[in-house]
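Please open the structure in your viewer and keep the selection tool at hand. The tour below goes from one selection to the next and says what is found at each stop.

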Amino acid sequence: MAGQTDMELIKNGVRLDGRKPDELREVKIVAGVLDNADGSCYLEWGNNKVYAGVFGPMECHPRHKQKADRAIVQARYTMAPFSVNDRKRPGLDRRSTEISYIASQAFEKVVMVEEFPKASIRVDMQVVEAHAGTRCAAITAASVALADAGIPMRDMIPACASGKVNDVVVLDLNKEEDNYGQADLPLAIIPSTKEVVLLQLDGHLTPDEFEKAMDLATSGCMDLYEKMRNALDNRYGGSA
Amino acid sequence: MSNDHVSNLMKGHMETLAAEGKRADGRGINEYREVKIETGMLNTAEGSAMVHLGKTKILCGIKMLIGTPYGDSPKSGTMTTSTELAPLADQSFDPGPPREQSIELSRVVDRGIRESRMIDFEALCIEEGEKVWMVYIDLHILDNNGNLFDACTLAAASALSNAKIPNVQHSVADKDVDLPVTCWPISCTFGKLGNTVILDPTSDEEGVMTARFTVAHDENGNLRAAQKGMNGAFTDAEIREAVKTARTSDNVLREALKGIQ
């Protein structure tokens, strides 16, 4: 987070991209877009574009990672070299490794891992265009892909960030706000219980701002949840 | 960092205790273990500190080198944090390149220090766009008895506080000066044991708990960084309560940090 900036990111309660402080960017979710994966999802969130694919449950490799009493979720978040302005070196850097790790743990809370001892459920998240908020986009897409794959789950987990720009707490930071803003708080929750499965924060928030940011991000997650259910509804019909 | 080998008997015992507001080592649920900080024990490092948090023992060394700044911030010095989960610290630590656990640990510690602006990065500029100081924070875990997150943040802050910029060695100026430090971030880590949230978990408690939450505050009580970890969950209320608890409980660590200033 850049912290103090002279840039005017909010003018008269309107953000650079025309949104109000509590407004999400436009989100489009399509379930079941890939042939080979057991479940998949394509998600556009503002200009972010993410594919997620799920394989499994299947035998866990490497074997020493197997758990005798449950399955593990092996999530992998990667950004394509062409997804950002400068070419990004392909593969897992430290940032992607951390995101993959905390996403795996978040999914293990909702996937019924105890039904598949020794197995692995692979969740691949590929960011093809990045404009801030890609970890939330990837986790949301992966949740839909898990449901599309028919993996038994207690719930899907929507993820959405809130943050602070020009001393205003806002929902869903865009690129400029991410670069020049004061705080970023990505959050993933279980909608049915409102439990927190993923939370990160960097930047500067007063205790009151933190409370407000939690409220905003939670409501963002609930809005997304609706869109995720609609995506499944569109693919499978009925009332998902 | 969790210990896989806690027996079910111990697990039940600790969960029952926690529900009654007690801990296996006699502490209250929002109580830190004894903290001890020593500084300046290494001559080759620009700054150094050893932190004892109960039986957890961390050695931190600061090295500073001259390098080129990033293109998007030509006037700022840089900072790199790494942690070494050396096999000598815990039976469950393997040798080899850094794993997910150690990467997560380094990045959470890094965010606490970086986002609080503890280091004045602009003061680390030697020649705009050409030469800046690069600060390397290397954390060596010598003994793991839980809560590496708080111990590492404390060790990094302590070591930075007594670091000197090696001007003479690198022919930048004729005197070494103190690394400019602007504020003091402190991180507080909580664990979820059964349905109870406890502060400063030991490795036994880490082996039983299902979720972890770390939050870093500056000395004005504002939040600077946070991270939820492990495959369990916290309720919304638990998170908000933990943030409040952190603001009062981090006093113990702040006092210890003040002792070395």
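How many helices and how many strands are there in chain A? Select chain A and colour by secondary structure: in this predicted model, the chain holds four helices and 11 strands. Its radius of gyration is 18 Å, close to the 18 Å that the globule rule gives for 240 residues, so chain A is as compact as a globular protein of that length. If you turn the C-alpha trace along its principal axes, it spans about 55 × 40 × 35 Å. Of the 240 residues in chain A, 52% are buried, and among the contacts with a separation of 6 or more, 70% are between residues 24 or more positions apart.

**The five-stranded sheet**

Next, select strands 3, 4, 5, 6 and 7 of chain A, which form an open sheet with the order 3-4-5-7-6 and mixed pairing. Its edges are strand 3 (27-31) and strand 6 (72-79) of chain A, each of which pairs on one side only, and from one strand to the next the twist averages 15°.

Within this sheet, keep strand 4 (residues 39-45) and strand 5 of chain A in view; they run antiparallel and are joined by seven bridges. The two strands form a hairpin with two residues between them, and in the turn you can pick out A:G46, which has a positive phi of about 60°. Beside the turn, A:W45 has A:N48 in strand 5 of chain A as its bridge partner, and another pair to label is A:C41, which stands opposite A:A52 in strand 5 of chain A.

Now extend the selection to strand 7 (residues 119-129) of chain A, which pairs with strand 5 of chain A in the antiparallel sense over nine bridges. Here A:Y51 has A:Q126 in strand 7 of chain A as its bridge partner. Why is strand 5 of chain A described as largely enclosed by the rest of the structure? Nine of the 12 residues of this strand (residues 48-59) are buried, so the description follows from that count.

**Two helices of chain A**

Select helix 1 (residues 94-110) of chain A, which lies across strand 6 and strand 7 of chain A and runs at about 145° to strand 6 of chain A. The end C-alpha atoms of helix 1 are 25 Å apart, which agrees with the 24 Å that its 17 residues should span at 1.5 Å a residue. Because 13 of those 17 residues are buried, helix 1 of chain A is largely enclosed by the rest of the structure.

Move on to helix 2 (residues 134-148) of chain A, whose 15 residues reach 21 Å from the first C-alpha to the last, close to the 21 Å expected. In helix 2 of chain A, 15 of the 15 residues are buried, so this helix too is largely enclosed by the rest of the structure. Just after helix 2 of chain A, find A:G150, which takes a positive phi of about 75°.

**Where chain B touches chain A**

Finally, show chain B as well: 26 of its residues are in contact with 29 residues of chain A. Elements that give two or more residues to this side of chain B are helix 2 (100-115), strand 12 (223-229), strand 13 (234-235) and helix 5 (236-249) of chain B, and the largest share, seven residues, comes from strand 12 of chain B. By class, the side of chain B that touches chain A has nine nonpolar, seven polar and 10 charged residues.

As a last selection, take strand 11 (residues 195-205) of chain A together with strand 13 of chain B, which run antiparallel and are joined by two bridges. Here A:E195 stands opposite B:T235 in strand 13 of chain B.

Conventions:
Residues numbered from 1 in each chain as written. Chains lettered and ligands numbered in written order. Predicted model: local features only at pLDDT ≥ 70, side-chain atom pairs only at ≥ 80, totals over all residues. Expected span 1.5 Å × (residues − 1). Buried ≥ 20, exposed ≤ 12 C-beta atoms within 10 Å, placed from the backbone. Pairing = 2+ DSSP bridges. Contact = placed C-beta atoms within 7 Å. Nonpolar A, V, L, I, M, F, W, Y, C, P; charged D, E, K, R; others polar. Rg over C-alpha atoms; globule rule 2.2 N^0.38 Å. Axes fitted to C-alpha atoms, helices over the stretch in contact; angles between N-to-C directions.
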